[in-house]
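Hi,

Here is the structure I promised to send over. Have a look at it first, and my notes follow underneath.

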Amino acid sequence: MGNVYEIYALRYATMARTPQMNFLAPDPHETKAQDLDYFVWLVRGHGRNILVDTGFNAEEAGVRGRKLTLNPVDALAGFGVKAEDIKDIIVTHLHYDHAGNLDRFPNATYHLQDREMAYATGRCMCNGMLRHPFTVEHVTQMVRHVYGERVTFHNGEGEIAPGVTVHRVGGHSDGLQVVKVETERGPVVLASDATHYYANLHRRSPFPIVYNIGDMAEGWRIVERLAGHPDRFIPGHDPIVCEIYPRASDKVDAFALHKTPSRSFAK
Ligand SMILES: [Zn+2]
Ligand SMILES: [Zn+2]
């Protein structure tokens, strides 16, 4: 086979939630707990270790009242990958839970959408609600990486390696990008926060953090088109991912997304 990769979801934190918190227009009858998991994703193959997002650290978890299981850098180490060995990091967007730890990867180039940097440093950040998911220290660190010539900007679509591409969808954050990875079971799309849960996309019902609902709705179509099959996109925060994909480590919470899931969403 040509350029196929392995993909691992590394879970590093969790948060107890109810469905009322996870949909812009929740179903009032739905009361069963719906927790939120936090992940970074590791793409491996052809001598490359490409990291998708960098998570947050213990200090950030304390400020935000989240439960950090372990720092994503330590999760990676437990999985056998040193931070120094990461050469490419795709930052799907600059929210606190995707763009912390930016000082922990000394040899990495960061891949970011033009519009995400513009959004995170522009006029919308004067609004508390839009600003809330961002952490100024993370954004500032990314600005430092720009000045250090360690950022590769993408505008819309971009190739990170043969078989690994990024695609801007916006919506949740103006420069949100998803990642398409060729695997043994076909292209798999890491949708990040284009859909927090499977249900956000299935019901066409946005997660409440949203910059542009029209773009978000179009983003769901883009994710479906890129994936080409309902079992080949991975939501950004859904605990179901850990139930249906095979565990890939006895040391850390790692799940093999290039393998066939135990449950199918195909109709
Ligand atoms: Zn986000
Ligand atoms: Zn997120």
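Before I get to the helix I liked best, one cut-off: a residue counts as exposed when its relative accessible area is over 50%, and as buried when that area is under 20%. Also keep in mind that this is a predicted model.

Now the helix, α5. It covers residues 136-147, 12 in total, and reaches 17 Å from its first C-alpha to its last, close to the 16 Å expected at 1.5 Å a residue. His-138, Val-139, Met-142 and His-145 are its buried residues. Looking down the axis of α5, you find the buried residues within an arc of 110°, so they line one face of the helix. That fits the textbook picture: an α-helix has 3.6 residues a turn, so residues three or four places apart point the same way. On the face turned away from the buried side of α5 sit the exposed residues Val-136, Glu-137, Arg-144 and Tyr-147.

What do the buried residues of α5 pack against? Their partners are α1 (58-64), β6 (109-113), α3 (114-120) and β7 (151-154). After the helix comes Glu-149, which has a positive phi, near 60°.

Met-142 deserves a closer look. Leaving aside neighbours within four places in sequence, Met-142 is in contact with Val-91, Leu-94, Leu-102, Tyr-110, Leu-112, Met-117 and Val-151. Met-142 also turns up in the largest nonpolar core, which has 43 residues; along with Ile-86, Leu-94, Phe-105 and Tyr-110, Met-142 is one of those with the most contacts inside this core. Two or more residues each come from β1 (6-15), β2 (36-45), α2 (72-78), β6, α3, α5 and β13 (254-256). Of these, β1 gives the largest share, 5 residues. Apart from this core lies another, of 41 residues, including Ile-90, Val-166, Val-178 and Ile-222.

On to the sheet. Five strands make up an open sheet with mixed pairing, in the order β8-β9-β10-β11-β12. The edges are β8 (157-161) and β12 (233-235), each of which pairs on one side only. On average, neighbouring strands in this sheet are turned by 25° against each other, direction ignored.

I'd look at β10 (residues 177-183) in particular. On one side, β10 runs antiparallel to β9, with 5 bridges joining the two, and His-167 stands opposite Val-178 in β10. On the other side, β10 and β11 also pair in the antiparallel sense over 5 bridges, and they form a hairpin with 2 residues between them. In that pairing, Glu-182 stands opposite Pro-187 in β11, while Thr-183 has Gly-186 as its bridge partner. How many of the 7 residues of β10 are buried? The count is 5, so to speak a mostly covered strand. Helix α7 (residues 213-227) lies across β9 (164-168), β10, β11 and β12, and runs at about 160° to β11.

One last residue: His-196. You'll find it in the loop between β11 (186-192) and α6 (198-202). His-196 is buried, with a relative accessible area of 4%. Not counting residues up to four places away in sequence, His-196 touches Leu-36, His-172, Phe-207, Pro-235, Gly-236, His-237 and Asp-238.

Over to you, and have fun with it.

Cheers

Conventions:
Residues numbered from 1 in each chain as written. Chains lettered and ligands numbered in written order. Predicted model: local features only at pLDDT ≥ 70, side-chain atom pairs only at ≥ 80, totals over all residues. Heavy atoms only, no water. Helix = DSSP H or I, 4+ residues; strand = E, 2+ residues; numbered from the N terminus. Buried < 20%, exposed > 50% of the residue type's maximum accessible area, 1.4 Å probe, protein only. Contact = heavy atoms within 4.5 Å. Expected span 1.5 Å × (residues − 1). Arc of directions from axis to C-beta. Pairing = 2+ DSSP bridges. Axes fitted to C-alpha atoms, helices over the stretch in contact; angles between N-to-C directions. Core = buried A, V, L, I, M, F, W, Y, C linked by side-chain atoms within 4.5 Å.
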